[in-house]
Amino acid sequence: MKIKRVHLLTPILVFLLLLTACAGVEDPENLLIGTWKHINYQTGDWEKITFNEDKTYRLENYDGATYQTSVLAGNYTFDEERFVIKQRFSYDIAYYYTISGDNLYFGGLIYVRQ
């Protein structure tokens, strides 16, 4: 009787394991989506980054001393604790971040949702 139970239980356990494995891991909710801006009121510099749903970004930097703006764009990846900005002609850059309300904290700076 015990042998029959083990034989019946084994296929059921294998089926449950396969079912769980096929479910896969869902992507975390992307709380980064939107536009975020950091302003340095002492220098007039600002930085604005936009994260899109299709995992592309646009980063604008304004230099208050030279009145010039530079723009970077590309793709990014993310998880619950960091995002990685992919750069075409340079190294990818990873940032650990946290979000609290309308504030995004990364790189030692605070960005406000626009």
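These legends walk through several close-up views of the structure above.

This is a predicted model, in which local features need pLDDT of at least 70, side-chain atom pairs count only at pLDDT 80 or more, and totals for chains, interfaces and linings use all residues. Residues are numbered from 1 along each chain as its sequence is written, and side-chain values use heavy atoms, with hydrogens and water left out.

**View 1. The whole chain carries one helix and eight strands.** Helices (H or I, at least four residues) and strands (E, at least two) are DSSP runs, numbered from the N terminus. Starting from the N terminus, the order is α-β-β-β-β-β-β-β-β. Of the 114 residues, 20% count as buried; buried means under 20% relative accessible area, exposed over 50%, and partly exposed in between (1.4 Å probe, protein chains only). The chain exposes about 8,800 Å², with carbon and sulfur atoms supplying 57% of it. Accessible areas come from the Shrake-Rupley method with a 1.4 Å probe, and for residues only the protein chains shown count as cover.

**View 2. Strand S8 pairs with both S1 and S7.** Two strands pair if DSSP finds at least two bridges between them. S1 (residues 34-39) and S8 (residues 109-113) are antiparallel over two bridges, and here Trp36 stands opposite Arg113. S7 and S8 are also antiparallel, over four bridges, with Leu104 opposite Tyr111. Their hairpin has two residues between the strands, and Gly107 takes a positive phi near 60° there.

**View 3. Aromatic rings pair across the strands.** Rings of Phe, Tyr and Trp (its six-membered ring) pair if their centres lie within 6.5 Å; planes under 30 degrees apart count as stacked, over 60 as edge-to-face and the rest as tilted. The whole structure holds nine aromatic pairs. One of them is the stacked pair of Trp46 and Tyr62, 5.6 Å centre to centre with 15° between the planes. This pair links Trp46 in S2 (residues 46-51) to Tyr62 in S3 (residues 56-63), 16 residues apart. Trp46 is partly exposed at 21% relative accessibility. Phe51 and Phe83 meet edge-to-face, at 5.1 Å centre to centre and 75° between the planes. They connect S2 with S5 (residues 82-85) and are 32 residues apart; Phe51 and Phe83 are both buried. Both belong to one aromatic cluster, whose members also include Tyr76, Phe78, Tyr95 and Tyr111.

**View 4. Lys48, Arg58 and Glu60 share a network of salt bridges.** A salt bridge is a side-chain nitrogen of Lys or Arg within 4 Å of a carboxyl oxygen of Asp or Glu. The whole structure has four salt bridges. In one of them, the closest N and O atoms of Lys48 and Glu60 are 3.7 Å apart, which joins S2 to S3. Glu60 counts as buried because its relative accessibility is 16%, whereas Lys48 is partly exposed at 25%.

**View 5. Arg113 and Asp102 meet in a salt bridge (3.8 Å, N to O).** Arg113 lies in S8 and Asp102 in the loop between S6 (93-100) and S7, so the pair ties together parts that are eleven residues apart in sequence. Arg113, at 30% relative accessibility, is partly exposed, and so is Asp102, at 48%.

**View 6. Lys86 and Asp92 form a salt bridge.** Their closest N and O atoms are 3.5 Å apart. Lys86 is partly exposed at 33% relative accessibility, and Asp92 is partly exposed at 40%.
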